[in-house]
Amino acid sequence: MEELHSETAKPDPEPKIIGLTGGIGSGKTTVAHFIEELGFPVYYSDDRAKTIVNENEGLKAKIKELLGDDSYDTNGIYDRKYVAKKVFKNNDLLQQLNEIIHPAVRIDFEDWVKRQSKYLVFKETALLFELKLNLQCHKSLLVTAEDNIRIKRVMDRDQKTYREVESVMERQMSEKDKVKLADYIIYNNTNLEDLKEQTEQTVFKIE
């Protein structure tokens, strides 16, 4: 009797990961929301990191060991202001902190990707190039704007002084260096309508 052979179903191709980044005041988060409106999922690395540092007990222990018990308040919640003061202008300490947090975020991201069905997924992170995360992505997308425009946006949004915003920008990789590394670039120097149009054109241009 002839055996019946069922066709083996081909697994769905893995989605292509697009790294989405931009410096402070660039409009990166706005672009991420536009991408979601186009139907593509976005993983917000920085937001997830804020959650993971409060949920992962092993991570908590490592952070306390590095920065002290005051890294968490009496309710066991990550004290961002305390940590920011500890690592401010201390690149070695900041690097050690990143080496603790980012592997946990990477695992969380990999689990998230497995649940997606679109052919493109976007990983939003401020440190895409600084941490060489672009090497783990199919392509990279940079949102950028002129420095004076970015500074004014952050001053208006966060009620910070010019010097405070400038100080943050000085600690980030320069826009010139990011432009050299990016596969796709969105220039956010005008208005939301133009930004939305650029986002749509860029996303559907990605191969």
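1. Sheet. In this predicted model, five strands form an open sheet with parallel pairing, in the order β2-β3-β1-β4-β5. The edge positions belong to β2 (42-44) and β5 (184-187); each has a single partner strand, so one side of each lacks a neighbour in the sheet. From one strand to the next, the twist averages 20°.

2. Pairing at β5. Four bridges join β4 (residues 139-144) to β5 in the parallel sense. Opposite T144 stands Y187 in β5.

3. Helices on the sheet. Helix α1 (residues 28-37) packs on the sheet and touches β1 (16-21), β2, β3 (120-124), β4 and β5. The direction of α1 makes about 145° with that of β2. Helix α2 (residues 45-55) also packs on the sheet, where it touches β2 and β3; its direction makes about 45° with that of β2.

4. K178. This lysine lies in helix α8 (residues 175-181). K178 counts as buried because its relative accessibility is 1%, and the cut-off for buried is under 20%. Apart from neighbours within four places in sequence, K178 is in contact with G22, G23, F129, E130, L142 and M173.

5. K85. Helix α4 (residues 80-87) holds K85. With 69% relative accessibility, K85 counts as exposed, the cut-off for which is over 50%. K85 and Q201 are 116 residues apart along the chain, and their C-alpha atoms are separated by 41 Å.

6. Helix α7. The buried residues of α7 (residues 162-170) are V165, S167 and M169. Their cover includes α6 (147-158).

How values were computed: Residues are numbered from 1 along each chain as its sequence is written. This is a predicted model: local features need pLDDT of at least 70, side-chain atom pairs count only at pLDDT 80 or more; totals for chains, interfaces and linings use all residues. Side-chain values use heavy atoms; hydrogens and water are left out. Buried means under 20% relative accessible area, exposed over 50%, partly exposed in between (1.4 Å probe, protein chains only). Helices (H or I, at least four residues) and strands (E, at least two) are DSSP runs, numbered from the N terminus. Contact means heavy atoms within 4.5 Å. Two strands pair if DSSP finds at least two bridges between them. Axes are lines fitted to C-alpha atoms, for helices over the stretch in contact, and angles run from 0 to 180 degrees between N-to-C directions.
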